[in-house]
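Visitor: I have a chain on the screen and would like to learn how to read it. Where should I begin?

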Amino acid sequence: EYLDDVDEEHSRPREQVRTTDNVLAQAPDAARRFIGWVQQGLSEGTLRVNEAGALVHFVDEGMLLVSPRIFREFAKRFGEDGGVDPADAPGESDIGKSIQRQVLRAGWHLRADKGVNILTYQVMRGDRAVSRLSGVVIRNPARFVNPVPPINPLLVRLREEHGDA
């Protein structure tokens, strides 16, 4: 029975596991702590998804992290790098900037034209846009989230003509 368990364990696709491990291993520590918090919040249901006021939405391009709100929330709870006392955090206007920078350095996100890191989406009600959401889109969210929630059909990517998203 033990050998059957070992054989079964080794029959899983190794490349996918290695890719995920490399993706995480090469990321800054703070980015790994942040994505771990997102994973845990999604699996436990403490981070709402694909609904009004949610910090995480799933779109055609990947996992949309509403910015700067999700980074501020993380920094308020865990400090700017996820490893220090939140009381040591910078002033309210700068809170979350450092952790967002670390997540961007990890290179998991989709960049728009001219290297823009923040993408904008229109929230649609029927055939009209009622508001906008902006954030960092993590490509290939299956690397971090399993199962990947369905795509939010109310969000449509806004293509900025001037690159000032």
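Guide: We will go through confidence, the order of elements, and then one helix. The model is predicted.

Visitor: What is the mean pLDDT of the chain?

Guide: Where pLDDT is low, the predicted coordinates should not be read in detail. Here the mean is 82, and 77% of the residues reach 70 or more. Over residues 1-19 the pLDDT is below 50, and that stretch has 0 contacts beyond near neighbours in sequence. Residues 161-165 also stay under 50, with 6 contacts beyond four places in sequence.

Visitor: How many helices and strands does the chain have?

Guide: The chain has 5 helices and 5 strands. Along the sequence they follow the pattern α-α-α-β-β-α-α-β-β-β. Among contacts with a separation of 6 or more, 60% join residues 24 or more positions apart.

Visitor: Which residues of helix α4 are buried?

Guide: An α-helix has 3.6 residues a turn, so residues three or four places apart point the same way. In α4, residues 69-78, the buried ones are Ile70, Phe71, Phe74 and Ala75. Seen down the axis of α4, these residues fall within an arc of 130°, so they line one face of the helix.

Visitor: What covers the buried residues of α4?

Guide: The cover includes the helices α3 (29-44) and α5 (97-106). It also includes the strands β1 (56-59), β2 (62-66) and β4 (128-138).

Visitor: What phi does glycine 79 take, just after α4?

Guide: Glycine 79 has a positive phi of about 90°.

Visitor: And how much of the chain is buried?

Guide: Of its 165 residues, 36% count as buried. The chain exposes about 9,900 Å², of which carbon and sulfur atoms supply 46%.

How values were computed: Residues are numbered from 1 along each chain as its sequence is written. This is a predicted model: local features need pLDDT of at least 70, side-chain atom pairs count only at pLDDT 80 or more; totals for chains, interfaces and linings use all residues. Side-chain values use heavy atoms; hydrogens and water are left out. Buried means under 20% relative accessible area, exposed over 50%, partly exposed in between (1.4 Å probe, protein chains only). Helices (H or I, at least four residues) and strands (E, at least two) are DSSP runs, numbered from the N terminus. The arc is that of the directions from the helix axis to the C-beta atoms. Contact means heavy atoms within 4.5 Å. pLDDT is the predictor's confidence in each residue, from 0 to 100. Accessible areas come from the Shrake-Rupley method with a 1.4 Å probe; for residues, only the protein chains shown count as cover.
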